[in-house]
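Let's take a walk through this fold, starting with how its strands are laid out and ending with what sits in its core. Have the model open beside you as you read.

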Amino acid sequence: MRIIIILIVFLFSNVVSSQEIGFINNGKHTLKLLKLNDKYALTYSDINSTESKVVENTFHFAFKESIYSILMDGFKNKKSHQIILKTGNDTIIKFQYNIIDGERLVKIMQNNLLLNTFGSSSFFKKDEIEKLFGNSFKG
């Protein structure tokens with residue numbers, strides 16, 4: 001009985017605690033900013049998700065200020081373009097900026113080289129990204 005109690009306590013003590021910092025809903029698709037202990041994560045629903053099977057992709061980073069700055073700087077460019085980041089030995093993130101109906105939008109694309117998988121979010125507006133990160137970064 002003691003062993004079972006010790007195992008239960010051990011399992012619960014190793015659970016990663018996460019805190020949702022921001023959340024945006026774009027029709028059927030979502031984008032979440034999470035704090036996981038000393039790191040951050042962006043989690044988005046894949047555009048290839050269906051109502052019966054929602055696929056969420058996540059990538060991790062150390063400083064939310066850095067990702068926010070990269071995302072916001074991308075909106076300053078007047079042309080469609082990509083910003084490419086390598087977040088680990090096996091993950092490449094692309095922020096794809098397009099101008100659709102006169103509005104600049106960003107889409108997140110993710111390649112996991114180890115698993116040979118690809119994911120993509122829907123497009124998000126600048127004000128949605130600002131809402132996701134909260135008012136702490138607005139200047």
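Two strands count as paired here if DSSP finds at least two bridges between them. Keep in mind that this is a predicted model.

## The four-stranded sheet

With that in hand, take the open sheet of 4 strands: its order is 1-2-3-4, and the pairing is antiparallel. Strand 1 and strand 4 (56–61) sit at the edges with a single partner strand each, so one side of each has no neighbour in the sheet. On average, neighbouring strands of this sheet are turned by 15° against each other, direction ignored.

As a reminder, strands of a sheet pair through backbone hydrogen bonds, either parallel or antiparallel.

## Strand 2 and its two hairpins

Strand 2 (residues 29–36) is a good place to zoom in. On one side, strand 1 (residues 18–26) pairs with strand 2 in the antiparallel sense over 8 bridges. If you want to check the register, E20 has L34 in strand 2 as its bridge partner, and Q19 stands opposite K35. The hairpin of strand 1 and strand 2 has 2 residues between the strands, and G27 takes a positive phi near 70° there.

Strand 2 also pairs with strand 3 (residues 39–45), again in the antiparallel sense, over 6 bridges. Here K32 stands opposite T43 in strand 3. These two strands form a hairpin with 2 residues between them, and N37 in the turn has a positive phi of about 55°.

## How enclosed is strand 2?

Of the 8 residues of strand 2, 7 are buried, so the strand is largely enclosed by the rest of the structure. Is T30, which lies in strand 2, buried or exposed? The cut-off for buried is under 20% relative accessible area, and T30 counts as buried because its relative accessibility is 13%. Leaving out residues up to four places away in sequence, T30 touches F23, I24, N25, T43, Y44, S45, E56 and F124.

## Helices 2 and 3

Now for the helices. Two packed helices are described by the angle between their axes and the distance between the axes. The axes of helix 2 (residues 64–76) and helix 3 (residues 126–133) come within 11 Å and cross at roughly 170°. Angles over 145 degrees count as roughly antiparallel, and therefore helix 2 and helix 3 are described that way.

On the helix 2 side, K64, I67, Y68, L71, M72 and F75 meet K126, I129, E130 and F133 of helix 3. The residues of this contact divide into 7 nonpolar, no polar and 3 charged. Helix 3 also lies across strand 1, strand 2 and strand 3, running at about 160° to strand 1.

## The nonpolar core

Which residues of the largest nonpolar core touch the most other members? Among its 23 residues, they are L31, L42, F95 and I129. Two or more residues each come from strand 2, strand 3, strand 4, helix 2, strand 6 (91–100), strand 7 (103–112) and helix 3. Helix 2 gives the largest share, 5 residues.

I129 is worth clicking on. Not counting residues up to four places away in sequence, I129 touches L31, L71, M72, F75, V106 and F124.

How values were computed: Residues numbered from 1 in each chain as written. Predicted model: local features only at pLDDT ≥ 70, side-chain atom pairs only at ≥ 80, totals over all residues. Heavy atoms only, no water. Buried < 20%, exposed > 50% of the residue type's maximum accessible area, 1.4 Å probe, protein only. Contact = heavy atoms within 4.5 Å. Axes fitted to C-alpha atoms, helices over the stretch in contact; angles between N-to-C directions. Parallel < 35°, antiparallel > 145°, perpendicular 65-115°, else oblique. Nonpolar A, V, L, I, M, F, W, Y, C, P; charged D, E, K, R; others polar. Core = buried A, V, L, I, M, F, W, Y, C linked by side-chain atoms within 4.5 Å.
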